[in-house]
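Please walk through this structure with a view to how its helices and strands are arranged against one another.

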Amino acid sequence: MIPLRPVGCDFWQTAVWGEFMKRDDVKKQYEDLLSDYLLNRREDLLYAAQQLSKWMIEQRISPEEIVNLHAAVIKKMVPDVPQAVVDSFDMLIEIMMGYGIAYREHESLVHRQQELEYEIEVAVGMQQTLLPETLPTFPGIDIGVISVPANRMSGDYYNVVDHGRGKMGVALSDIIGKGIPAALCMSMIKYAMDGLQEGSLRPSEILRRLNSVVERNVDPSMFITMVYGIYNTRNHRFFYATAGHEPGLVFRSKERKFENMPTRGLVLGVSPDATYKDYIVDLSPGDAIILFSDGVTECRVNGDFLGRDKLREVLLSCMDLPAQKAVEAVYQQIYRMAGYELNDDQTLMIIRRK
């Protein structure tokens, strides 16, 4: 940035103009443009002035420098300009200095905002790599999942893993928080689970070990809920444990009814001594397990939470669809009921025995 001349100093006798002249002879351009306009008053000259102003902005020429330039050109064109007019330019320069400072501060904030936007885009891209691109397929079961963030970044995490020998690991977690901190927690959960997910470990043991990791590494102000289970595709038994997560549902196809899945367990990271209990659900042909984050039941509909009873009604209307189409249809219904607004991340998973 070219330094401003001291007020009262002759503009032509400063080093400022010598530096200013290096900018493609802007003085000559401005002088010709101003004199032509004062003689002819043509509209096209005003348009040319707009284009010149855009160039000045690109070159980061401050408002006070432009006033200085205008004053210098006027003094050259009108040598006998009244002293009061000359002095008025000094007053205007002082006023424009404040605008110049504000402009530079604004420019700095815009630059910082652009940097943050870039960092967020990188974080969003990295977060997407934490979620499975496609779900593995297993004989005898149909799986569908949908996960929609309320904002650009999600605090929900899910995964489906093939452990071999007919066993499938299923995880759904909700980080109570948003933005980059939640995304960082999600990455920690993902990589911790990569080292723990073994078909031989009980779900309660998986959660106990994850709790130890979270308790040591996550800020106490953040909470993580989770349900983790192992589905045995040979006998269609779902063995699971929960850590403060929204209870899932079991759909009984014959009765066309839903049962609440029993749950018990502290959220991850609250106590290093937390223990978890295993539960078992057996599925008959056509039965299904429905897991979801609390963003689904706590979605706002006409000022109130959607709730589990209303969710059952929506689910029931879609349970005859293939699992993936079912979760998508449920989400669309809830989204419409909520007035096309999400106040929390929503994740919904259906595991159906064929």
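Two strands are taken to pair if DSSP finds at least two bridges between them. In this predicted model, strand β5, residues 237-243, is joined to β8 by four bridges, and the two strands run antiparallel. One position where this pairing can be located is R237, whose bridge partner in β8 is D282.

That pair of strands belongs to an open sheet of five strands, which follow one another in the order β2-β3-β4-β5-β8 with antiparallel pairing. Because β2 (156-164) and β8 (279-282) stand at the edges and each has a single partner strand, one side of each is left without a neighbour in the sheet. From one strand to the next, the twist averages 20°. Helix α7, residues 203-217, packs on this sheet, where it touches β4 (223-232) and β5, and its direction makes about 155° with that of β4.

Turning to the helices, two packed helices are described by the angle between their axes and the distance between the axes. Helix α2 (residues 26-40) packs with helix α4 (residues 63-77) at an angle of about 60°, and their axes are 10 Å apart. That angle makes α2 oblique to α4, because the oblique class takes in angles that are neither under 35 degrees, nor over 145, nor from 65 to 115. The crossing of α2 and α4 is right-handed. On the α2 side the contact is made by K27, Y30, E31, L34, S35 and L38, which meet L69, H70, V73, I74, K76 and M77 in α4. The residues of this contact divide into seven nonpolar, two polar and three charged.

Note on methods
Residues are numbered from 1 along each chain as its sequence is written. This is a predicted model: local features need pLDDT of at least 70, side-chain atom pairs count only at pLDDT 80 or more; totals for chains, interfaces and linings use all residues. Side-chain values use heavy atoms; hydrogens and water are left out. Axes are lines fitted to C-alpha atoms, for helices over the stretch in contact, and angles run from 0 to 180 degrees between N-to-C directions. A crossing is left-handed if the near helix is turned anticlockwise from the far one by less than a right angle, and right-handed if clockwise. Contact means heavy atoms within 4.5 Å. Ala, Val, Leu, Ile, Met, Phe, Trp, Tyr, Cys and Pro count as nonpolar, Asp, Glu, Lys and Arg as charged, and the others, Gly among them, as polar.
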